[in-house]
Protein chains: 2
Amino acid sequence: MKLLEFLNTHFKTNFTDPSAFFVKLTEQRFKKGEIITDYGKTEKKLYFINEGFVQITMLHESEERIFDFFFPDSFVCSFTSFLKQEPSDARVSALVECCMEVIQYNDLQQAYKTSLVANQLGRVLTEQIYMVKARREKDFLTKSAVERYRELIAMRPDIAKLIPVNKIAKYLGVHPESLSRIRRSAFPNLG
Amino acid sequence: MKLLEFLNTHFKTNFTDPSAFFVKLTEQRFKKGEIITDYGKTEKKLYFINEGFVQITMLHESEERIFDFFFPDSFVCSFTSFLKQEPSDARVSALVECCMEVIQYNDLQQAYKTSLVANQLGRVLTEQIYMVKARREKDFLTKSAVERYRELIAMRPDIAKLIPVNKIAKYLGVHPESLSRIRRSAFPNLG
């Protein structure tokens, strides 16, 4: 029921049943390393992370690039595939054991047809994921890998502990060797 | 009234008055080179381009980078500033004489409180600008400047004619000299 708390906080309400927000929630668990949504599959579910963390990868010339990490209390799925209902060019996978609350695409679309609160919710959440993307685009155009790494660590101090260096390097778009050099010079205490 | 047509097409409706979509529209013209929203200003308006085209730039270490070009029949503003009502880190300017339809931030927020259709509209448009950003992020992580330039030209054939090489180079995040080399080898007929 972490999603209900999240929505109550967001909308300054005090509901005890998620149906007040139109949504039907189920729970789903994933094992460490399990693929949640694979390349080529159409995303049918929107997940809210209760426990665990998740990575989103894409393929380029058979090389895997990491696009994003997602942590508890955030929504995750292959968003473009979910919005367009087209095959996903991304893979969503559990980096550790994960516990999720799940909203089905069809339920959400049904709610969007008539529910003011569902549309307010969908709009506000989409604005938020837009702003995350816009910020990341800005970072790509204006910041070096060193600056982006420093900011990532400042924003998510747990990331350096939870996620292996080679994955962080793939996320920043640099070679693991370059990132190791960056880490040694900028953060000697990370080892 | 191009926005009304756009909304009718989008929502498969046939309204003759924009108030059916809750929105109050005014018209505004900008001269070539005129700044629409400047660095440090909070964005209060959302523009729909009827005629002309627009660039969005940001500063990094006093060097200007181009983030986006916007063409007729699309919405434009300093989006993050508009959504957060915080000072803009972007500048929106008219590359040629522009004619816009304008929606005021406060009017839109008022409509969002009670109107289903306003929220549906806001949600769908935000989903679209999200997907544009997500695609651009993917391009940065997976494509070379040559590939991105080829795709830009394929998607907007007019861009090579309308926008000077040095601006396109700033958009792609490459030096103008590199872009001139790319153009000469890939598109000898562009000159």
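**Notebook: a predicted two-chain model**

I began with T80(B), which counts as partly exposed at 27% relative accessibility. The model is a predicted one, and I kept that in mind throughout. T80(B) sits in helix α2 of chain B, residues 79-84. I looked up its contacts, leaving aside residues up to four places away in sequence, and found Y130(A), M131(A), A134(A) and Q85(B). I also checked its distance to A90(B): the two are 10 residues apart in sequence, and their C-alpha atoms are 9.1 Å apart in space.

**Entry: how the two chains are related**

Since T80(B) touches residues of chain A, I turned to the relation between the chains. Two copies of a chain are related by a rotation about an axis and a shift along it. Here a turn of 180° with a shift of 0.0 Å along the axis lays chain A on chain B, with an RMSD of 0.0 Å. I noted this as the relation of a two-fold axis. Which residue of chain A comes closest to the rotation axis? I found R123(A), with its C-alpha at 2.0 Å. I then compared the interface residues: 100% of those in chain A are also interface residues in chain B, so the copies meet through the same surface.

**Entry: a helix pair across the chains**

Next I looked at helix α3 of chain A (residues 105-114) and helix α4 of chain B (residues 116-142). Their axes come within 8 Å and cross at roughly 135°. I therefore wrote down α3(A) as oblique to α4(B). On the α3(A) side the residues that meet the other helix are Y112(A), K113(A) and T114(A). Their counterparts in α4(B) are L116(B), Q120(B), R123(B) and E127(B).

**Entry: an open sheet in chain A**

I traced 4 strands of chain A that form an open sheet, in the order β2-β7-β4-β5, with antiparallel pairing. Why is one side of β2 and of β5 left without a neighbour in the sheet? β2 (35-37) and β5 (63-70) stand at the edges and each has a single partner strand, so nothing in the sheet flanks the other side. The twist from one strand to the next averages 35°.

I followed one pair further. β4 of chain A, residues 54-60, pairs with β5(A) in the antiparallel sense over 7 bridges. Within that pair, V54(A) stands opposite F70(A). Helix α7 of chain A (residues 165-172) packs on the sheet and touches β4 and β5. The direction of α7 makes about 95° with that of β5(A).

**Entry: nonpolar cores**

V54(A) turned up again when I listed the largest nonpolar core, which has 76 residues. The residues with the most contacts inside this core are V54, V76 and M100, in chain A and in chain B. I looked up M100(A) and left out residues up to four places away in sequence; its contacts include F30(A), I36(A), F48(A), V54(A) and V76(A). There is a second, separate core of 19 residues, and among them are F71(B), L95(B), L179(B) and I182(B).

**Entry: strand β3 of chain B**

Is β3(B), residues 45-51, mostly covered or mostly exposed? I found it mostly covered, with 5 of its 7 residues buried. β3(B) pairs with β8 of chain B (residues 98-104) in the antiparallel sense over 6 bridges. In that pairing, F48(B) has E101(B) as its bridge partner. β3(B) is also joined by 2 bridges to β6 of chain B (residues 75-76), again antiparallel. There Y47(B) stands opposite V76(B).

**Entry: two positive phi values**

Most residues other than glycine have a negative phi. I noted two residues of chain A with a positive one. D73(A) has a phi near 70° and is found in the loop between β5 and β6 of chain A. With a relative accessible area of 39%, D73(A) is partly exposed. Q85(A) has a phi of about 55° and lies in the loop between α2 and β7 of chain A. Q85(A) is partly exposed as well, with a relative accessible area of 21%.

**Entry: A160(A)**

Last, I looked up A160(A), which is found in helix α6 of chain A, residues 159-162. Its relative accessible area is 16%, and since the cut-off for buried is under 20%, A160(A) is buried. A160(A) and R183(A) are 23 residues apart in sequence, and 9.9 Å apart in space from C-alpha to C-alpha.

Conventions:
Residues are numbered from 1 along each chain as its sequence is written. Chains are lettered from A and ligands numbered from 1 in the order in which they are written. This is a predicted model: local features need pLDDT of at least 70, side-chain atom pairs count only at pLDDT 80 or more; totals for chains, interfaces and linings use all residues. Side-chain values use heavy atoms; hydrogens and water are left out. Two strands pair if DSSP finds at least two bridges between them. Axes are lines fitted to C-alpha atoms, for helices over the stretch in contact, and angles run from 0 to 180 degrees between N-to-C directions. Contact means heavy atoms within 4.5 Å. Copies are superposed by least squares on the C-alpha atoms of residues with pLDDT of at least 70 in both. A nonpolar core is a set of buried Ala, Val, Leu, Ile, Met, Phe, Trp, Tyr and Cys residues joined through side-chain atoms within 4.5 Å. Buried means under 20% relative accessible area, exposed over 50%, partly exposed in between (1.4 Å probe, protein chains only). Angles under 35 degrees count as roughly parallel, over 145 as roughly antiparallel, 65 to 115 as roughly perpendicular and the rest as oblique.
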